[in-house]
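This report introduces the surroundings of a bound ligand. The reader is invited to consult the sequence and the structure shown here.

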Amino acid sequence: MSTYTPEAADAALPSRQAARTNDRLGLGLLTALVVGSILGSGIFGLPQNMASGASAGAILIGWLITGIGMLALARVYQMLALRKPQLNNGIYVYARESAGHYVGFNSAWGYWVSAWIGNVGYLVAAFGALGYFFPSFGDGNTAAAVAGASIVLWLVHFMVLRGIRGAAVLNAVVTLAKVLPLLLFIALVATAFRLETFNMEFWGSAKLGSTFDQVKSTMLVTVWVFIGIEGASVYSARARRREDVGRATVLGFIVTLVLLMAVSLLSLGVLQQPELAGLKNPSMAGVLEKAVGTWGAVLIYGGLIVSVGGGFLAWTLLAAESLFSPATDGVMPSGLARQNAQGVPANALWLTSAMVQVFLLVALFSKASYLALISLSTAMILLPYLFSAVYGVMLAVRREGAAGSIHRSDLAVSALAALYCVWLLYAAGPKYLLLSSLLYVPGAVLYVLGRREQRARPFKGFELGLAAILLLLAAVAAYLLASGGLSL
Ligand SMILES: NC(=[NH2+])NCCC[C@H](N)C(=O)O
């Protein structure tokens, strides 16, 4: 078992091999990659999701906070890509560098769980959209939908197993295909926009609660729609120029922010908040139907299915990759780093697909909705994001890799990003944090197995305390789930 070095990972990963033999990714393709992983299903449900607990005024504040916070996070990934060019697959490595193996493990684990739970959400969303044409699929979590989703899952699984290269190019094509209906939506809805509708009950009726609570209610949704912002950083080893990783991240952020804000805000001028809140998802369909008639809804359903199809493939690869680096670094069993003849991390892929299958069944039996799944996926990624920001703060404080005055802006940006992540943990609320602790704890088994292989003591010092706290939270969550005090 070798220890993790970027070179070893470079040599081992098929995508990276391809990156050295073929052309590496330039700015355009990298940006398409970021935009492609950010735009999945989220934007299609945005009008309803944002309006479900907030009025126009609160939604505007929500976007302001999100814009600043996500920009800070994007800048952290940009900065880390420049300051630490030798570290690839940041999500795992940045956390390990800031707080040791167990935290690094949990960051990778959390990212992995978030990736595949999100994929369960994608399948539910896609079949929910098909439900418009075939009623037996309902909201995407009926028996027929879960059966259909399972077939899609294993088709993609075996396709990837046979070696899917050029995922970035494919992603770029799909990205173009998904941006077009979005632009059309924006143009059409802009012409149907009425300022009186937008301004009506600008701060919301008493039923929605205080502005603060309204703003808070939008936070998890805005994070979900931005997940993928770290995409260029995960693929950093494939970039032609190191600076492009950061540029693509910030560029991708700007493009998607404009699209997301336009979709959510323009909708508020077509339907009033309570009407939006009552729409079925993907709510972009309901909005466009109101603006132009039935064909608008059909366009959006089609767009969603294309978008989610591309997203499902991209996130399957990301999920497998996020187990791979930690497995080569001895914090997960080395078996998870095993690659098949086509250079695909096959065991990691099997584990990922198996979990998607299990959770499709969980969604069926617990009637877990799309919204519950993406909330869980979002809650799981907050820790990995936080530790990337924390690592940024640490580098800036130690003045590593930066000279003189530069580190002060590094510090400001990373501190802002960290603050934003802490605020998100608060805004997520106890329910999803408890549920996510339940998903973090089982990871310890893989971690201990991985450390055993290395003959290393798994928990040292504060790691023991951390594991104990997680276990305690998970026990509380399990108890509440069993007693009905908590549900998906
Ligand atoms: N399968 C996933 N984990 N997807 C996460 C990315 C979510 C993406 N931002 C979206 O709006 O759809």
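## Basis of the description

A polar contact is a pair of N or O atoms within 3.5 Å. The model discussed here is predicted.

## Polar contacts of the ligand

Two contacts involve nitrogen of the ligand. A backbone N or O atom of Ala115 lies 3.1 Å from a nitrogen atom of the ligand, and an N or O atom in the side chain of Asn119 is 3.0 Å from a nitrogen atom of the ligand. On the oxygen side, an oxygen atom of the ligand has a polar side-chain atom of Tyr122 at 2.9 Å.

Taken alone, the ligand exposes 350 Å², of which the protein buries 100%. The ligand occupies the second largest cavity.

## The surrounding shell

Three elements give two or more residues each to the shell around the ligand: α3 (27-38), α6 (90-130) and α10 (211-226). The most comes from α6, which supplies five residues.

There are 14 residues around the ligand, and those that come nearest are Ile38, Ser41, Tyr122, Trp224 and Ile227. By class, the shell holds seven nonpolar and seven polar residues, with no charged residues.

## Ser41

Ser41 is located in the loop between α3 and α4 (42-51). Buried means under 20% relative accessible area; Ser41 counts as buried because its relative accessibility is 2%. The side chain of Ser41 also forms a polar contact of 2.7 Å with the side chain of Tyr370.

Technical notes
Residues are numbered from 1 along each chain as its sequence is written. This is a predicted model: local features need pLDDT of at least 70, side-chain atom pairs count only at pLDDT 80 or more; totals for chains, interfaces and linings use all residues. Side-chain values use heavy atoms; hydrogens and water are left out. A residue is near a molecule or strand if one of its heavy atoms lies within 4 Å of it. A polar contact is a pair of N or O atoms within 3.5 Å; within protein, one must be able to donate a hydrogen and the other to accept it, and residues adjacent in sequence count only if both atoms are side-chain atoms. Accessible areas come from the Shrake-Rupley method with a 1.4 Å probe; for residues, only the protein chains shown count as cover. On a 1 Å grid over the protein atoms alone, a cavity is a set of points where a 1.4 Å probe fits but cannot get out, and a pocket is an open set with protein on both sides within 12 Å along at least five of seven lines; lining residues have an atom within 4 Å of a point. A molecule sits in a cavity or pocket if more than half of its atoms lie within 2 Å of its grid points. Helices (H or I, at least four residues) and strands (E, at least two) are DSSP runs, numbered from the N terminus. Ala, Val, Leu, Ile, Met, Phe, Trp, Tyr, Cys and Pro count as nonpolar, Asp, Glu, Lys and Arg as charged, and the others, Gly among them, as polar. Buried means under 20% relative accessible area, exposed over 50%, partly exposed in between (1.4 Å probe, protein chains only).
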